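Take a walk through this fold, from its open spaces to its strands and its packed interior. Keep the sequence at hand as you read.

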Amino acid sequence: MVRCLAALLTVVFLSLPASAEDNAAAMEAIDNLVAKLDAAFEAQDEQAIVALTTDDHVSVTPYYGTPQTLKAVIQTLPDLKIDQTDLSEPTVVFLGPDSAMRQLTAKVEGTYGPNKISQKLFITSILRKQDGDWLESFYQATALAP
């Protein structure tokens, strides 16, 4: 039992970034990716959104109503007009050497189609490193009490 636990812990520690410097560089790369993705959504730049996300990307938000594939998000992009104000500093947790989870709380205001949006959200993104670049593969925004 002790050997199994030791082997498991070894695998976990070896799968994490090698040092605090590696973590800091990865966190900066992730924050830069999210900033570019936010700008791409604001500009409604379909090509940039596709380039910054994985092919199997899924978005789950209160305003979409159901989980959306990347294709569905792109198709409804003209309907989405929101401004986001971050209410907390983002945190990043590494799930492995090539995956991370980023979380923050934000306020969004705007519209999705004919529907007004004014919500405080808890946002979670799952990011994967592919071919040396961080990409968003999952985005979930959960409505919080006002």
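What volume does the largest pocket have? The answer is about 520 Å³. The model is a predicted one, and every value here is computed from it.

Start with the walls of that space. The largest pocket has 24 lining residues. Nearest its centre lie Asp38, Phe41, Ile82, Gln84 and Tyr139. Six names recur when the lining is sorted by element: α2 (20-43), β1 (53-60), β3 (80-86), β5 (99-112), β6 (115-130) and β7 (133-143) each give two or more residues. β3 gives the most, with 6 residues. By residue class, the lining of the largest pocket divides into 11 nonpolar, 6 polar and 7 charged.

Now turn to the second largest pocket. About 260 Å³ of space lies there. It is lined by 16 residues, and the closest to its centre are Ala29, Lys129, Gly132, Asp133 and Trp134. The elements that give two or more residues to this lining are α2 and β7. α2 supplies the largest share, 7 residues. The lining of the second largest pocket splits into 10 nonpolar, 2 polar and 4 charged residues.

Next, the strands. Follow β5, since several pairings involve it. β3 and β5 run antiparallel and are joined by 7 bridges. Here Ile82 stands opposite Gly110 in β5. Recall that Ile82 is also one of the residues nearest the centre of the largest pocket.

Strand β4 (residues 91-96) also runs antiparallel to β5, through 5 bridges. Val92 has Arg102 of β5 as its bridge partner. The link between β4 and β5 is a hairpin through 2 residues.

How many bridges join β5 to β6? There are 14, and the two strands run antiparallel. Gly110 appears again here, opposite Ile117 in β6. The hairpin of β5 and β6 has 2 residues between the strands. In that hairpin, Gly113 takes a positive phi near 65°.

Now go to the packed interior. The largest nonpolar core holds 17 residues. Those touching the most other members are Ile30, Ile49, Phe94, Ala100, Leu127 and Trp134. Elements giving two or more residues to this core are α2, α3, α4 (70-75) and β4. α2 gives the most, with 6 residues.

Trp134 deserves a closer look. Leaving aside residues up to four places away in sequence, Trp134 touches Ala26, Ala29, Ile30, Leu33, Phe94, Pro97, Asp98, Ser99, Ala100, Leu127, Arg128 and Lys129. Among these contacts are Ala29 and Lys129, which, like Trp134, are listed among the residues closest to the centre of the second largest pocket. Ile30, Phe94, Ala100 and Leu127 are also among its contacts, and they are named with Trp134 in the largest nonpolar core.

Apart from that core lies another, of 13 residues. Its members include Tyr112, Leu121, Ile123 and Tyr139. Tyr139 is familiar from the largest pocket, where it is one of the residues nearest the centre.

End on helix α3 (residues 46-51), which contains Gln47. Is Gln47 buried or exposed? Its relative accessibility is 69%, so Gln47 counts as exposed; the cut-off for exposed is over 50%. Ile49, by contrast in role, is one of the residues touching the most other members of the largest nonpolar core. Gln47 and Ile74 sit 27 residues apart in sequence. In space, their C-alpha atoms are 9.4 Å apart.

Terms used:
Residues numbered from 1 in each chain as written. Predicted model: local features only at pLDDT ≥ 70, side-chain atom pairs only at ≥ 80, totals over all residues. Heavy atoms only, no water. 1 Å grid on protein atoms, 1.4 Å probe; cavity = no way out; pocket = protein on both sides within 12 Å on 5 of 7 lines; lining within 4 Å. Points joined across faces, edges and corners; volume = space filled by probe spheres on them. Helix = DSSP H or I, 4+ residues; strand = E, 2+ residues; numbered from the N terminus. Nonpolar A, V, L, I, M, F, W, Y, C, P; charged D, E, K, R; others polar. Pairing = 2+ DSSP bridges. Buried < 20%, exposed > 50% of the residue type's maximum accessible area, 1.4 Å probe, protein only. Core = buried A, V, L, I, M, F, W, Y, C linked by side-chain atoms within 4.5 Å. Contact = heavy atoms within 4.5 Å.
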